Amino acid sequence: STNQLTSINLSKLSQLCDIDLGGNKLSGTINLTNSPNINWLVLGGNGGITSVTLPDNLSDLQYLDLSDNQITGKLNLSKCAHIWGIDIANNKFTEVTLCDDLSPDLEYLILSNNELTGTIDRVDFSEDGKYFMIIDYKTGKAQLNLKEVFAGINLQLLTYLMVTNKL
């Protein structure tokens, strides 16, 4: 949608499944705690949303677009095992928690232009700088499994690789 809505109260609409309020002029907090049945949530492109309060259990959520807002803080999607699309680009998220068993149907995960941080325990470079080895003390002996990466299940080593490549 490309309306000009500046505010909306959804607190009494507990049966909502699909919400598309993208491209409006919404700002402030969007409270969806009373809408546990959400499958599809689009709030992208509003520019002024600073926080979104979601229900504790969003097990049916399949698609989430919060992009191009000013949302700060943490995003907990740990109960969203069936999600196939996540776009939270251009916000101020500091942490994103995903489900341990992400769906193999995950098609895209867009996290760009946020304030996500983390630590790579150790990176060893060859003398000529052409090769490097990433050491994560917590994962032990881990291998990059492309099937898991494409399924969105194990992205930690790939993220390390992408970050290290920019050093």
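In the predicted model, the second largest pocket has a volume of about 270 Å³. Of the 17 residues that line this pocket, those closest to its centre are Leu-54, Pro-55, Lys-74, Leu-75 and Asn-76. The lining draws on strand 4 and strand 6, each of which supplies at least two residues, and strand 6 makes the greatest contribution, with five residues. Sorted by character, the lining residues of the second largest pocket comprise ten that are nonpolar, four that are polar and three that are charged.

These elements belong to a protein that contains two helices and eleven strands, arranged along the sequence in the pattern β-β-β-β-β-β-β-β-β-β-β-α-α. Of the 167 residues in the protein, 32% are buried. Among contacts with a separation of 6 or more in the protein, 14% are made by residues 24 or more positions apart.

In soluble globular proteins, nonpolar side chains tend to be buried together. In the present model, the largest nonpolar core has 25 residues, and the members that touch the most other members are Leu-32, Leu-41, Val-52, Leu-61 and Leu-66. Strand 4, spanning 48-53, and strand 6, spanning 72-77, each supply at least two residues of this core; strand 4 and strand 6 likewise each supply at least two residues to the lining of the second largest pocket. When neighbours within four places in sequence are set aside, the contacts of Leu-66 are with Leu-43, Gly-44, Val-52, Ile-71, Leu-75, Asp-87, Ile-88, Asn-91 and Phe-93. Among these partners of Leu-66 is Val-52, itself one of the core residues that touch the most other members, and another is Leu-75, which is also among the residues closest to the centre of the second largest pocket.

Several loop positions were then examined individually. Asp-68 lies in the loop between strand 5 (63-65) and strand 6, and its phi is near 55 degrees, a positive value in a residue other than glycine. With a relative accessibility of 36%, Asp-68 counts as partly exposed, because this value falls between the 20% limit for buried residues and the 50% limit for exposed ones. A positive phi is also found at Asn-90, where the angle is about 60 degrees although the residue is not a glycine. Asn-90 is placed in the loop between strand 7 (85-87) and strand 8 (92-98), and at 32% relative accessibility Asn-90 likewise counts as partly exposed.

A further loop position, Leu-106, is found between strand 8 and strand 9 (108-110). At 8% relative accessibility, Leu-106 counts as buried, since the value is under 20%. The C-alpha atom of Leu-106 is separated by 9.6 Å from that of Tyr-63, and the two residues are 43 residues apart along the chain.

Cysteine residues were considered last. A disulfide is a covalent bond between the sulfur atoms of two cysteines. When sulfur atoms within 2.5 Å are required for a pair, the count of disulfides comes to zero. Cys-17 has a relative accessible area of 32% and is therefore partly exposed, whereas Cys-80, with a relative accessible area of 1%, is buried.

Definitions and conventions
Residues are numbered from 1 along each chain as its sequence is written. This is a predicted model: local features need pLDDT of at least 70, side-chain atom pairs count only at pLDDT 80 or more; totals for chains, interfaces and linings use all residues. Side-chain values use heavy atoms; hydrogens and water are left out. A nonpolar core is a set of buried Ala, Val, Leu, Ile, Met, Phe, Trp, Tyr and Cys residues joined through side-chain atoms within 4.5 Å. Buried means under 20% relative accessible area, exposed over 50%, partly exposed in between (1.4 Å probe, protein chains only). Helices (H or I, at least four residues) and strands (E, at least two) are DSSP runs, numbered from the N terminus. Contact means heavy atoms within 4.5 Å. On a 1 Å grid over the protein atoms alone, a cavity is a set of points where a 1.4 Å probe fits but cannot get out, and a pocket is an open set with protein on both sides within 12 Å along at least five of seven lines; lining residues have an atom within 4 Å of a point. Grid points are joined across faces, edges and corners, and a volume is the space filled by probe spheres set on the points. Ala, Val, Leu, Ile, Met, Phe, Trp, Tyr, Cys and Pro count as nonpolar, Asp, Glu, Lys and Arg as charged, and the others, Gly among them, as polar.
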